[in-house]
Amino acid sequence: MSVMNKLTTTCWRNFYGDRRNKQMLFVLRCLHKSATSGTFGIAREEPLSERLITSTDATKKRLPKTLAEMPGPGTISNLFEFFWRDGFSRIHEIQIEHSKMYGKIFKSRFGPQLVVSVADRDLVAEVLRAEGVAPQRANMESWHEYRDMRRRSTGLISAEGEDWLRMRSVLRQLIMRPRDVAVFSDDVSEVVDDLIKRIVYLRSQSSDGTTICNINDLFFKYAMEGIAAILYECRLGCLSEKIPQETEDYIDALHLMFSSFKTTMYAGAIPKWLRPVFPKPWEEFCDSWDGLFRFSCVHVDKRLKQIESQLQRGEKVTGGLLTYMLVAKEMSVEEIYANVTEMLLAGVDTTSFTLSWASYLLARHPDVQQQIHAEVMRVLGSEKVATAEDVQHLPFIRGLVKETLRLFPVLPGNGRITQDDMVLGGYFIPKGTQLALCHYSTSLDDENFPSSLEFRPDRWIRKHSSDRLDNFGSIPFGYGIRSCIGKRIAELEMHLALIRIIQKFHCLRVSSND
Ligand code: HEM
């Protein structure tokens, strides 16, 4: 067994056990889930609008059906599924089960609340292509409530309408394109150096000298250090032997946030007036946000002070993302606090779980590991430190990340509130309906990806320049104007880490273990 296998399989046995059963572990710990995957929302089952019924003869012949006619589980069975059978931990499985039972568009009811789930690639494409200038995310009420309570601003994840549009247009100029994030390549590389040192150290401490347990903890710290290096322009020391106390506190706040998501989802399903009876989820939610904001404010304020004194001394101010935001003043300082806090939250579990799954898949598929290793050796050799530029010449590495996210998308779906009436899949969907776009189902559909359960990173490699690779079957970062703004940062962090791990540990296996 290769070192890579040892590095990962032991940990996976401990941490996840069975592949499908345990995907919930990371799915649930992920930040965005309550923010983006649709579970609850309110829509009315209205009769067809007069306009649609009477428009033209052609329309009359193919009258859209009403929501009342749409199949789907009823309230009782849903309540049973979610509250009795721990459905919030199995949203991805339920998505697949329900789409098999009810078809590619179905509704789920929770009392007065209704969600229309869309589990078809073309219908998902139709929804996302028709989005307006400021698409609305679902299930953000608890986030808004906290911000109002503490008089804090919303950030990109939680903001809506004009506020969102304004902040998005500032940030998209800075981090949306590969060439924008290439400037962070050296910072990320330094964090990868520390990751490799940490792996070497942990291996040396293990009883067999090769195995690292709890690899996800390692990737969690790597992802946190990497995103903080970009967002705060400083190092936190997550990968050092002795982690600074304020960083430990922040890690605790993050863990609390991720672990309270499930309870928060339950809390979201329970009416507010029941909070006095079940106070814990809401208290934990507020505590963790307090901790996250506290930490971000410290770092933003520190940089702000440095900039002010540089300016007083008449010095030129240079720096990265935070410096730009503080100097350009296109957002208020409160908005900057909110955005760095949300981005840090968004950028840790997502990236770290994807790295864990990628390592697991490589360990389980030594043949693929071998092919990827060969590509890395051919392009870089064992010593050259990869840059963002090099990744363009490593299609297998890019395919590895895409295929990992297809099989194990960190978020099983996206949530949207429709901003106009629409007809979808033959149904009339009124404005204000909550949609759940089920890309876990579409990613594992053989129609979209032949032999969809097989791990084949090469399916993402273009053999000819005219090859069209599917876009909407697998959209782990979402699509369009409200898609993940951190996609390029996440890819940079994952690509550079995986390249170096493959360079270092595969080589170790060849030279010392065999
Ligand atoms: C593997 C890594 C990641 C995955 C799979 C992922 C996935 C997603 C998804 C599915 C969405 C929702 C898109 C939609 O609603 O259409 C999203 C939104 C978002 N993500 Fe990520 N994400 C990742 C990493 C990151 C990182 C590193 C950052 C920080 C820089 C980040 C920041 C955000 C923000 C701020 C939003 C909200 C965007 C908006 O509403 O305008 N994400 N992400």
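# Sheet, helices and ligand shell

User: How many bridges join β1 to β2, and do the two run parallel or antiparallel?
Analyst: This is a predicted model, in which local features need pLDDT of at least 70, side-chain atom pairs count only at pLDDT 80 or more, and totals for chains, interfaces and linings use all residues. Helices (H or I, at least four residues) and strands (E, at least two) are DSSP runs, numbered from the N terminus, and two strands pair if DSSP finds at least two bridges between them. One position in this pairing is I105, which stands opposite V118 in β2. The bridges between β1 and β2 number six, and the sense is antiparallel.

User: What is the order of the strands in the open sheet?
Analyst: Residues are numbered from 1 along each chain as its sequence is written. β2 (residues 113–118) is joined to β6 by four bridges, and these two strands run parallel. β3 and β6 (residues 434–437) also pair over four bridges, but in the antiparallel sense. The sheet has four strands with mixed pairing, and its order is β1-β2-β6-β3.

User: Which strands stand at the edges, and why is one side of each left without a neighbour in the sheet?
Analyst: Each edge strand has a single partner strand, so one side has no neighbour in the sheet. The strands in question are β1 (105–110) and β3 (414–417).

User: What is the average twist from one strand to the next?
Analyst: Axes are lines fitted to C-alpha atoms, for helices over the stretch in contact, and angles run from 0 to 180 degrees between N-to-C directions. From one strand to the next, the twist averages 25°.

User: Which residue of β6 stands opposite V118?
Analyst: Two other positions in β6 can be placed through their partners: S117 has A436 as its bridge partner, and I417 stands opposite Q434. V118 stands opposite L437.

User: Are the residues on the two faces of β6 buried or exposed?
Analyst: A residue is buried if 20 or more other C-beta atoms lie within 10 Å of its own, exposed if 12 or fewer, and partly exposed in between, with C-beta atoms placed from the backbone. In the partner strand β2, five of the six residues are buried, so β2 is largely enclosed by the rest of the structure. In β6, Q434 and A436 on one side and L435 and L437 on the other are all buried.

User: Which residues are the closest to the ligand?
Analyst: A residue is near a molecule or strand if its C-beta atom, placed from the backbone, lies within 6 Å of it. The ligand is surrounded by 28 residues. The closest are G347, T350, G478, C484 and G486.

User: How many nonpolar, polar and charged residues does the shell around the ligand have?
Analyst: Ala, Val, Leu, Ile, Met, Phe, Trp, Tyr, Cys and Pro count as nonpolar, Asp, Glu, Lys and Arg as charged, and the others, Gly among them, as polar. Helices that each supply at least two residues of the shell include α17 (333–346) and α23 (487–513). By class, the shell has 14 nonpolar, 10 polar and four charged residues.

User: Why does G478 count as buried?
Analyst: G478 lies in the loop between α22 (439–443) and α23. G478 and G415 are 63 residues apart in sequence and 10.0 Å apart in space, C-alpha to C-alpha. G478 counts as buried because its C-beta neighbours inside 10 Å number 22.

User: How far apart in space are R137 and R416, C-alpha to C-alpha?
Analyst: R137 sits in the loop between α8 (121–129) and α9 (141–150). With 21 C-beta neighbours inside 10 Å, R137 counts as buried. R137 and R416 are 279 residues apart in sequence, yet their C-alpha distance is 4.7 Å.

User: How far apart are the end C-alpha atoms of α12?
Analyst: The expected span of a helix is 1.5 Å times one less than its number of residues. For the 21 residues of α12 (residues 185–205) this gives 30 Å, and the model agrees, with its end C-alpha atoms apart by 30 Å.

User: Which residues are exposed on the other side of α12?
Analyst: V188, V191, V192, L195 and I199 of α12 are buried. They cover an arc of only 110° around the axis, so they lie on the same side of α12; the arc is that of the directions from the helix axis to the C-beta atoms. The exposed residues on the other side are D186, K197, Y201, S204 and Q205.

User: Which exposed residues does α19 carry on the face turned away from its buried side?
Analyst: In α19, Q369, I372, H373, E375 and V376 are buried. Their arc around the axis is only 160°, which puts them on the same side of α19. The face turned away carries D367, A374 and R378.
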